[in-house]
Amino acid sequence: MEHAIYLVTLVGTALVVAAAFSSLIAFRFGAPLLLLFLCIGLASGVDGLGIEFDNARVAYFAGSLALAVILFDSGFGTPLNALRQAAGPALSLATFGVILTTGLFGAAAYYLLDLSWLESFLLGAAVASTDAAAVFFLLRAGEINLRERVRATLEVESGTNDPIAIFLTITLVEIIAAHANPEAHVLVTDLILGFLLNMGLGAVVGVLGGLGIVRLVDRLNLDHGLLPIFVLTLSLMVFAAAGAIGGSGFLAVYLAGLIAGNSDIRAVTILKRFQDGMSWLAQIIMFLILGLFATPSQFPAIMVPAVLLGLFLMFVARPVAVWLCLIPFRLPRPEIAFVSWVGLRGAVSILLAITPLLGGLENGRTIFNVAFIIVLVSLVVQGWSVGPLARRLGLIVPARLGPLDKVELELPGSAHHELLAYRVAPGSPVARGERIPRWARPSLVLRDGRSMRFQDMGRLAAGDQVYIFVPDRYPRLLDKLFASRAVVDPEDADFFGAFAVDPARSAAELEAAYTPGLSEAEQKLTVGALVTARLGGHAEYADRVLIGPIELIVRDVDDKGKITGLGLSFEPTAPVARVPVFLSAGEIGDRVSAFIRNWRKPTETQTAEATANEKALEPTAEKITTEG
């Protein structure tokens with residue numbers, strides 16, 4: 001018995017270490033990290049090294065707990081401004097998008113596999129949600145500085161679509177296991193009512209749980225070493241409580257993390273570091289277990305239809321669902337195309353594919369194997385194409401800041417102040433003499449091994465270590481002051497234009513200087529208001545607006561979305577790749593209006609020409625009448 005404990009521990013830790021080392025390969029070559037974890041699990045399983053693991057209940061239980069940890073960390077790290085910016089599109093994708101993907105994919109699966117309609121929709125529900133870990137690892141590993149609106153949409157969608165997919169999957173498993181064959185309208189009604197109850201209870205428990213976590217952390221004076229464990233345990237308690245009363249535990253734990261992460265919770269820096277580590281460990285354990293549970297020798301029998309379904313999901317089901325969900329939102333076609341492509345399937349899809357085995361369904365193993373192959377196809381085909389596609393669609397923007405050497409230090413007994421340690425970077429604004437704002441209180445400077453008061457140091461120099469007390473939720477201004485200049489790629493050297501334009505200046509001055517053809521109403525606006533209006537009411541860093549012979553580029557916006565910096569270019573950038581589909585509602589309206597105008601124009605022109613001809617003939621007619 002004792003020998004078995006040592007052997008299991010040795011094998012388990014060796015797999016985790018191998019997965020951790022594989023992350024170095026992924027960061028080096030930009031490979032999908034999830035794919036490497038799954039491959040390690042497959043190589044160690046029954047068809048590889050011979051480790052037998054066929055316990056579906058243990059795999060589902062461990063995967064569910066790991067997913068709860070990941071969702072809490074995802075919610076904890078989602079800022080409210082990102083949620084506000086992308087709430088509409090992301091929640092539309094997380095609800096209607098999952099349902100549409102399930103329906104479209106289920107219809108294809110019915111004709112390609114020997115499954116019933118309900119089993120086909122069950123498979124569709126299992127693979128309908130995206131994997132946040134895979135998407136954002138690829139963005140980080142490829143050093144892709146994506147537009148904020150696109151990044152926020154993907155982040156919020158991937159954090160909120162899992163509960164809906166889980167509800168659909170479990171409900172369909174229960175119906176099939178009960179050998180029920182309900183009528184379509186009865187099934188839809190039961191799904192809607194069950195969905196509202198499940199999500200409603202989960203949301204209530206999540207909000208109350210998040211508020212309770214914040215309250216307990218602030219009230220209890222726990223040791224800093226115990227505090228992160230306490231918070232993680234409370235998050236799992238919220239997850240379990242919501243599920244025990246019939247709610248969505250996954251929605252509850254995500255909302256609890258969202259509320260806790262955006263509140264004035266104590267020791268937020270320590271909590272973030274701990275949760276980052278726990279999230280990595282949860283991902284590794286979940287992916288390895290799911291890889292061990294699979295049996296690759298069973299894949300060849302269903303390989304062809306599974307690959308075809310994976311391609312259908314990537315090229316048809318997901319794009320159509322995304323396009324329909326984003327029609328009400330005025331998003332550019334490149335952004336819609338990118339969101340539709342970056343719908344990577346991951347561990348959640350494999351985890352949900354285990355539920356048919358738990359329910360004892362006849363085709364449970366087939367559903368699991370097909371879902372596993374679809375995940376592999378998605379990671380192989382889409383995983384390496386995220387970066388090139390983002391560049392092709394013009395969604396990459398230069399970084400705002402260069403390298404920044406900053407350490408956040410938690411102050412014991414203070415929930416409203418932080419101590420930040422900055423190292424002055426060469427070429428940074430403070431190194432060039434820029435003053436530190438009054439609300440920041442520098443207390444100590446280290447230079448050449450000597451510590452002195454900030455007031456006695458004079459001008460800061462490169463290499464100085466500065467300790468500053470700041471209020472919580474400090475503005476980004478300090479980061480801008482201490483960061484070095486961002487290194488701009490040669491291809492992006494002219495990205496922000498050759499000239500700076502004051503957003504507060506009148507747009508009439510642009511018309512007088514460059515005659516771009518502004519209307520009288522537009523000339524009464526400021527330049528910043530003009531750009532915001534041309535962008536549909538919301539401006540974002542690196543947005544570009546072409547006005548006649550000039551192009552205005554948004555160099556910076558404040559925390560409220562107001563333009564604070566603009567650039568002007570006389571050589572507009574080459575247009576990004578045109579996407580023939582993915583028209584938004586705004587573009588559809590514009591095209592309809594243009595069609596109507598073009599349709600009326602020939603008629604109006606003909607009428608004007610006829611009127612002109614009649615007027616030209618009037619003198620001749622009068623002359624003829626007089627002569628007659």
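## Quick tour: cysteines, rings and confidence

Let's start with a short tally: the number of disulfides here comes to zero. A disulfide, by the way, is a covalent bond that joins the sulfur atoms of two cysteines. Keep in mind that you're looking at a predicted model, and its protein chain has an average pLDDT of 79.

**Cysteines**
- C39 is partly exposed, and its relative accessible area is 37%.
- C325 counts as buried because its relative accessibility is 4%, which is under the 20% cut-off.

**Aromatic rings**
- Searching the whole structure turns up 13 aromatic pairs.
- Y111 and W117 make an edge-to-face pair, with 6.0 Å from centre to centre and 90 degrees between the planes.
- That label fits because an angle over 60 degrees counts as edge-to-face, and the planes of Y111 and W117 are 90 degrees apart.
- Y111 is exposed, at 64% relative accessible area, while W117 is partly exposed, at 37%.
- You can also look for one aromatic cluster made up of F53, F293, F299, F368 and F372.

**How confident is the prediction?**
- In the protein chain, 78% of the residues score a pLDDT of at least 70.
- Helix α9 (residues 227-244) has the highest mean pLDDT among the elements of the chain, at 94, and helix α22 (residues 585-627) has the lowest, at 55.
- Residues 488-493 have a pLDDT below 50, and this stretch has two contacts in the model beyond near neighbours in sequence.
- Residues 616-628 are also below 50 in pLDDT, and this stretch has zero contacts beyond near neighbours in sequence.

Conventions
Residues are numbered from 1 along each chain as its sequence is written. This is a predicted model: local features need pLDDT of at least 70, side-chain atom pairs count only at pLDDT 80 or more; totals for chains, interfaces and linings use all residues. Side-chain values use heavy atoms; hydrogens and water are left out. Rings of Phe, Tyr and Trp (its six-membered ring) pair if their centres lie within 6.5 Å; planes under 30 degrees apart count as stacked, over 60 as edge-to-face and the rest as tilted. Buried means under 20% relative accessible area, exposed over 50%, partly exposed in between (1.4 Å probe, protein chains only). A disulfide is a pair of cysteine sulfur atoms within 2.5 Å. pLDDT is the predictor's confidence in each residue, from 0 to 100. Helices (H or I, at least four residues) and strands (E, at least two) are DSSP runs, numbered from the N terminus. Contact means heavy atoms within 4.5 Å.
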